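Visitor: I should like to go through this model classification by classification. For each term, please set the value against the criterion and conclude.

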Amino acid sequence: MERLNLALSTECMTSYQHSDHQPSEDLILITGGTGKTGRRIADRLAARGRPSRIGSRAGSPAFDWDEPAGWAAALRGVRAAYLSYYPDIAVPGADRTISAFAVAAVEAGVRRLVLLSGRGEPGAAEAERVVQSAGAEWTVLRCSWFNQNFSEGYLLEPILDGRVELPAG
Ligand SMILES: NC(=O)c1ccc[n+]([C@@H]2O[C@H](COP(=O)([O-])OP(=O)(O)OC[C@H]3O[C@@H](n4cnc5c(N)ncnc54)[C@H](OP(=O)(O)O)[C@@H]3O)[C@@H](O)[C@H]2O)c1
């Protein structure tokens, strides 16, 4: 798993360095760019030769949802952004943070926002609304549970132990 992450990071870095030599009209910020969805997006963009920047605390520049002071550096030269909020779009306060980030992104010149949302999650509705009204083109992805929750996420260990317990049917 560590080897896989390293390989993907290298590809994204290659892609990002590539963007230094070109106009940055296409630069795409991938928040959560080393996570379950983000690293797959980064991988596919790199395969297409599209410049991207990983938005994570380990990225360069570092991006932290809880540190707005660093957002401007992460957004510099960015024209589209994938928003994968951590830890979960439905946690209280996520909508406020996403709203502030969406406003900062549009002010920085971002023209398209893609929000990773949840399906049938009332807590995600406000985050969707603030992205839709931020002043950029938008896409909302209303995803249900990822299969990868079971194969690489927090449910992997219970699966391997043979017992998954959830407060749901
Ligand atoms: N799992 C599901 O079934 C499901 C379904 C629908 C929607 N969602 C939504 O999907 C989102 C999570 O997406 P995901 O599963 O692709 O990501 P993930 O794998 O859960 O997230 C890990 C990523 O977040 C980054 N990260 C962690 N803390 C951070 C912070 N404070 N600031 C900035 N980045 C941070 C990590 O990098 P660093 O450690 O380097 O910062 C890493 O890139 C959530 O909003 C969730 O509500 C999930």
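Guide: A helix here is a DSSP run of H or I with at least four residues, and helices are numbered from the N terminus. The model is a predicted one. F150 lies in helix α6, which covers residues 148–151.

Visitor: What makes F150 buried, exposed or partly exposed?

Guide: The criterion is the number of other C-beta atoms within 10 Å: 20 or more for buried, 12 or fewer for exposed. F150 has 14 such atoms, and therefore it is partly exposed. Beyond four places in sequence, F150 contacts L155, L156 and I159. Its C-alpha atom is 9.7 Å from that of V164, which is 14 residues away in sequence.

Visitor: How is the chain as a whole built up, in helices and strands?

Guide: The protein chain has seven helices and five strands. From the N terminus the order is α-β-α-β-α-β-α-β-α-β-α-α. Of its 169 residues, 30% count as buried. Among contacts with a separation of 6 or more, 68% are between residues 24 or more positions apart.

Visitor: How do you know which parts of the prediction carry high or low confidence?

Guide: The average pLDDT of the protein chain is 87, and 85% of the residues score at least 70. Over residues 1–23, however, the pLDDT is below 50, although this stretch has 26 contacts in the model beyond near neighbours in sequence. Where pLDDT is low, the predicted coordinates should not be read in detail.

Visitor: Why are the buried residues of α5 said to line one face of the helix?

Guide: In helix α5, residues 122–132, the buried residues are A124, A127, E128 and V131. Viewed along the axis of α5, these residues fall within an arc of 105°, so they line one face. Their cover includes β3 (80–83), α4 (94–107), β4 (112–118) and β5 (137–143).

Visitor: What can be said of α2 by the same reasoning?

Guide: The buried residues of α2 are G38, R39, I41, A42, L45 and A46. Seen down the helix axis, they fall within an arc of 155°, so they too line one face of α2. R44 and A47, on the other side of α2, are exposed. Just after α2, G49 has a positive phi of about 75°.

Visitor: What makes a group of residues a nonpolar core, and which residues have the most contacts inside the largest one?

Guide: The members must be buried nonpolar residues joined through C-beta atoms within 7 Å. The largest such core has 34 residues, and L29, A81, Y82, L83, L113 and V131 have the most contacts inside it. Two or more residues come from each of β1 (28–31), α2 (38–47), α3 (71–75), β3, α4, β4 and α5. Apart from residues up to four places away in sequence, L113 touches A81, L83, A102, A105, V131, A134, A136 and W138. In soluble globular proteins, nonpolar side chains tend to be buried together.

Visitor: Why is G118 called partly exposed?

Guide: G118, in strand β4, has 19 C-beta neighbours inside 10 Å; buried requires 20 or more, so G118 counts as partly exposed. Its contacts beyond four places in sequence are I89, A90, A124, R142 and C143. G118 and A90 are 28 residues apart along the chain, with their C-alpha atoms separated by 7.9 Å.

Visitor: Which peptide bonds at P61 and P87 are called cis, and where are these residues found?

Guide: The bond from S60 to P61 is cis, with omega near 5°, and P61 lies in the loop between β2 (52–55) and α3. The bond joining Y86 and P87 is also cis, with omega about 15°, and P87 is in the loop between β3 and α4. Most peptide bonds are trans.

Visitor: What surrounds the ligand, and what makes a residue part of that shell?

Guide: A residue belongs to the shell if its C-beta atom, placed from the backbone, lies within 6 Å of the ligand. The shell has 26 residues, the closest being G35, T37, S56, R57 and A58. Eleven are nonpolar, ten polar and five charged. R57 is in the loop between β2 and α3; with 13 other C-beta atoms within 10 Å, it is partly exposed. R57 touches A62, F63 and D64, leaving aside residues up to four places away in sequence.

Notes. Residues are numbered from 1 along each chain as its sequence is written. This is a predicted model: local features need pLDDT of at least 70, side-chain atom pairs count only at pLDDT 80 or more; totals for chains, interfaces and linings use all residues. Ala, Val, Leu, Ile, Met, Phe, Trp, Tyr, Cys and Pro count as nonpolar, Asp, Glu, Lys and Arg as charged, and the others, Gly among them, as polar. Two residues are in contact if their C-beta atoms, placed from the backbone, lie within 7 Å. The arc is that of the directions from the helix axis to the C-beta atoms. pLDDT is the predictor's confidence in each residue, from 0 to 100.
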